[in-house]
Amino acid sequence: MSITFYTNPMSRGQIVRWALHEVDADYEHRIVGYGDEMRGDYKRAVNPMAKVPAIDHDGRIVTECAGICAYLADVFSDADLGPRDDERADYYRWMFFAAGPVEAAVTNRSMGFDVVDPEKQGMVGYGSYDRMVETLDGFLAKSEYVCGDRFTMADVYLGAQVIWGTQFETLPKHDSLLAYAERLTARDAYRAAKAIDAELMEKMGSA
């Protein structure tokens with residue numbers, strides 16, 4: 001099983017590296033520089049969206065962070081990070097809540113166009129930033145992980161959003177969010193992946 005991981009340490013590729021470490025995957029990373037490199041051969045051969053991350057698994061290309069996380073949990077089934085039968089509803093609900101409402105609401109707010117007429121909030125998919133936060137906070141206040149007391153790949157993707165958001169204040173520092181982030185950042189796989197990207201960023205900064 002051969003995995004080539006296309007990334008840039010200053011990107012959402014950090015999420016996928018964490019996922020790769022959680023399933024203990026053997027992978028080779030290829031750093032893709034922003035600008036001409038990303039818009040050249042990489043765009044033609046890997047991702048026509050000209051963005052990272054992406055993985056090439058034995059000739060099969062997978063893009064989009066949530067999709068890659070779900071794929072890795074499925075392929076590396078021995079890691080037991082995919083949903084069990086009674087966990088599927090929560091697993092998929094919150095994985096894609098993070099990929100949809102959380103991602104969109106946080107991005108739109110950061111770019112300054114999150115104010116939506118209340119009568120048109122249904123058109124943006126997340127209603128409002130405050131409604132998204134209230135929903136997320138309500139769930140994490142009563143659940144240790146997405147699937148109750150068991151860590152799954154859904155926690156990698158949702159957790160990455162919460163960790164980033166509470167660190168850089170794109171999400172409020174509610175007790176439930178901070179406690180969830182603390183549980184996840186204590187994981188060995190998270191720390192190992194983070195250390196690699198931190199070292200890469202340091203090298204890029206000194207180059």
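The following exchange goes through how some terms apply to this predicted model.

User: What makes the protein as compact as a globular protein of its length?

Analyst: The radius of gyration is 17 Å, close to the 17 Å that the globule rule gives for 207 residues, so the protein is as compact as a globular protein of that length. Along the principal axes, the C-alpha trace spans about 45 × 40 × 30 Å. Of the 207 residues, 48% count as buried. The accessible surface comes to about 10,900 Å², and carbon and sulfur atoms hold 49% of that.

User: Which elements build the protein, and in what pattern?

Analyst: There are nine helices and four strands. Along the sequence they follow the pattern β-α-β-α-α-β-β-α-α-α-α-α-α. Among contacts with a separation of 6 or more, 65% are between residues 24 or more positions apart.

User: Why is helix H1 called largely enclosed?

Analyst: Nine of the 10 residues of H1 (residues 13-22) are buried, so the helix is largely enclosed by the rest of the structure. The buried set includes Trp-18 and Leu-20, and also Arg-17 and Glu-22. Just after H1, Asp-24 takes a positive phi of about 60°.

User: Why are strands E3 and E4 said to pair?

Analyst: Pairing requires at least two bridges between the strands. E3 (residues 54-57) and E4 (residues 60-63) have four bridges, in the antiparallel sense. In one of them, Ala-54 has Thr-63 of E4 as its partner. The hairpin has two residues between the strands, and there Asp-58 takes a positive phi near 50°.

User: Why is Met-49 called exposed?

Analyst: Exposed means over 50% relative accessible area. Met-49 has 58%, so Met-49 is exposed. The residue lies in the loop between helix H3 (41-45) and E3. Its C-alpha atom is 8.6 Å from that of Arg-39, a residue 10 residues apart from Met-49 along the chain.

User: Why does Asn-108 count as buried?

Analyst: The cut-off for buried is under 20% relative accessible area. The value for Asn-108 is 17%, so this residue is buried. Asn-108 is in helix H5. Leaving aside neighbours within four places in sequence, Asn-108 is in contact with Phe-113, Asp-114 and Tyr-126.

User: How do you know that the span of helix H6 agrees with its number of residues?

Analyst: The expected span is 1.5 Å times one less than the number of residues. For the 12 residues of H6 (residues 129-140) this gives 16 Å, and the end C-alpha atoms are 17 Å apart, which agrees.

User: Which residues of H6 are buried, and what makes them line one face?

Analyst: The buried residues are Tyr-129, Met-132, Val-133, Leu-136, Phe-139 and Leu-140. Seen down the axis of H6, they fall within an arc of 135°, so they line one face of the helix. The face turned away from this buried side carries the exposed residues Asp-130 and Glu-134.

User: What do the buried residues of H6 pack against?

Analyst: They pack against helix H5 (88-111), helix H7 (153-167) and helix H8 (175-185). Of these, H5 is the helix in which Asn-108 is found.

Note on methods:
Residues numbered from 1 in each chain as written. Predicted model: local features only at pLDDT ≥ 70, side-chain atom pairs only at ≥ 80, totals over all residues. Heavy atoms only, no water. Buried < 20%, exposed > 50% of the residue type's maximum accessible area, 1.4 Å probe, protein only. Arc of directions from axis to C-beta. Contact = heavy atoms within 4.5 Å. Rg over C-alpha atoms; globule rule 2.2 N^0.38 Å. Areas by Shrake-Rupley, 256 points an atom, 1.4 Å probe, with all protein chains shown as cover.
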